[in-house]
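Work through the exercises below with the sequence and the 3D structure at hand. Each task is followed by a solution in steps.

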Amino acid sequence: MSEARDAILARLRAALGDVPADEEPSFARTYRLRGTLPEADRVRLFVERVEDYGASVTVTDDPGTACAAALAGQGARRVVVPPDLHLSLRPPGLELVEDDRLDAATLDALDGVVTTCAAACAETGTIALDGGTGQGRRATTLVPDLHVCVVEAAQIVETFPELLERLEPAARAGRPIVLVSGPSATSDIELARVEGVHGPRRLVVIVRAP
């Protein structure tokens with residue numbers, strides 16, 4: 001593998017050998033960089049796309065109560081939460097386990113996780129996490145089988161370029177970024193669908209109403 005990689009990189013260097021060092025590459029950006037939908041329409045489109053992926057979505061002005069109802073509906077009793085998750089999003093009546101660098105086996109034994117997010121994209125139904133406040137570590141959102149994620153309406157942008165723009169500060173700071181588009185699922189060469197390979201099989205999205 002290393003020899004093949006070295007051969008490919010050598011060919012690339014040879015092909016680029018006569019390119020001036022100060023030459024700036026140019027790309028035809030014919031795709032949309034900005035959306036035009038008002039916030040309420042962005043939220044509706046986001047909900048529609050997330051539901052298309054098979055996730056559950058609730059739009060509410062009381063995300064804390066919605067989180068509690070979602071966890072109860074999923075039969076979750078022991079739930080991991082980031083240490084900095086706001087008290088209003090911590091469901092009462094459940095055993096909440098703060099993530100103090102829990103190992104994978106411990107996380108796997110828990111029923112789910114509750115987090116916030118960094119941003120979301122309406123066109124693709126994608127939720128982005130960058131390790132910010134209330135989002136926790138990547139492991140907490142990838143190992144438990146159930147992920148309940150709270151999204152603020154103001155965090156929903158229309159286009160993917162806008163989502164990348166929101167994530168640029170985290171990327172430049174070197175923080176890990178996770179993009180979630182529905183429950184984890186993949187297919188093998190025979191198109192047999194397998195769920196839970198790369199993350200939670202169940203995704204519940206709580207959108208705080210605009």
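A residue counts as buried when its relative accessible area is under 20%, as exposed when that area is over 50%, and as partly exposed in between. The model used here is predicted.

**Exercise 1. Describe the protein chain as a whole: its helices and strands, its box and its surface.**

Step 1. Begin with the elements: the protein chain has six helices and twelve strands.

Step 2. Turn to the extent. Along the principal axes, the C-alpha atoms fill a box of roughly 65 × 45 × 40 Å.

Step 3. Take the surface next. The accessible surface of the protein chain is about 12,200 Å², and carbon and sulfur atoms account for 52% of that surface. Of the 210 residues, 38% are buried.

Step 4. Finish with the contacts. Among those between residues at least 6 apart in sequence, 71% join residues at least 24 apart.

**Exercise 2. Find the order of the six strands in the open sheet, and state which strands stand at the edges.**

Step 1. Read the order across the sheet: β1-β12-β7-β4-β2-β3, with parallel pairing.

Step 2. Look for strands with a single partner. These are β1 (56–60) and β3 (95–98), which stand at the edges, so each has one side without a neighbour in the sheet.

Step 3. Add the twist, which averages 25 degrees from one strand to the next.

Step 4. Recall the general rule: strands of a sheet pair through backbone hydrogen bonds, and the pairing is either parallel or antiparallel.

**Exercise 3. Trace the bridges that β12 makes with β7 and β1, and state how well β12 is covered.**

Step 1. Take β7 and β12. Strand β7 covers residues 146–152 and strand β12 residues 202–208; the two run parallel and are joined by seven bridges.

Step 2. Pick out partners in this pairing. Leu146 has Arg202 of β12 as its bridge partner, and Val151 has Val207 of β12.

Step 3. Take β1 and β12. They pair in the parallel sense over five bridges, and the partner of Ser56 in β12 is Val204.

Step 4. Check the cover. Five of the seven residues of β12 are buried, which leaves the strand mostly covered.

**Exercise 4. Compare three salt bridges by the places of their residues and by their accessibility.**

Step 1. State the rule first: side chains of opposite charge can pair when their charged atoms come close. The structure holds 13 salt bridges.

Step 2. Take Arg44 and Asp41. Their closest N and O atoms are 2.0 Å apart. Both residues lie in helix α2 (residues 39–52), three residues apart, about one turn of the helix. Arg44 has a relative accessibility of 52%, so Arg44 counts as exposed. Asp41, at 26%, is partly exposed.

Step 3. Take Asp99 and Arg137, whose side chains meet at 2.7 Å, N to O. Asp99 is in the loop between β3 and α4 (104–109), and Arg137 is in the loop between β6 (126–129) and α5 (138–142), so the pair ties together parts that are 38 residues apart in sequence. With a relative accessible area of 8%, Asp99 is buried. Arg137 has 21% and is therefore partly exposed.

Step 4. Take Asp145 and Arg202, which form a salt bridge at 3.3 Å, N to O. This pair links distant parts of the chain, 57 residues apart: Asp145 is in the loop between α5 and β7, and Arg202 is in strand β12. Asp145 is partly exposed at 22% relative accessibility, and Arg202 is partly exposed at 28%.

Step 5. Note a further case, a network of salt bridges that links Arg32, Glu123 and Glu158.

**Exercise 5. Which residues make the nonpolar surface patch of about 270 Å², and is Leu12 buried or partly exposed?**

Step 1. Name the members: the patch is made by Ile8, Leu9 and Leu12.

Step 2. Place Leu12, which is in helix α1 (residues 2–15).

Step 3. Apply the cut-offs. The relative accessibility of Leu12 is 48%, so Leu12 counts as partly exposed.

Note on methods: Residues numbered from 1 in each chain as written. Predicted model: local features only at pLDDT ≥ 70, side-chain atom pairs only at ≥ 80, totals over all residues. Heavy atoms only, no water. Patch = residues over 30% accessible without salt bridge, like charges linked within 9 Å, V, L, I, M, F, W, Y side chains within 5 Å. Areas by Shrake-Rupley, 256 points an atom, 1.4 Å probe, with all protein chains shown as cover. Salt bridge = Lys/Arg side-chain N within 4 Å of Asp/Glu carboxyl O. Helix = DSSP H or I, 4+ residues; strand = E, 2+ residues; numbered from the N terminus. Buried < 20%, exposed > 50% of the residue type's maximum accessible area, 1.4 Å probe, protein only. Pairing = 2+ DSSP bridges. Axes fitted to C-alpha atoms, helices over the stretch in contact; angles between N-to-C directions. Contact = heavy atoms within 4.5 Å.
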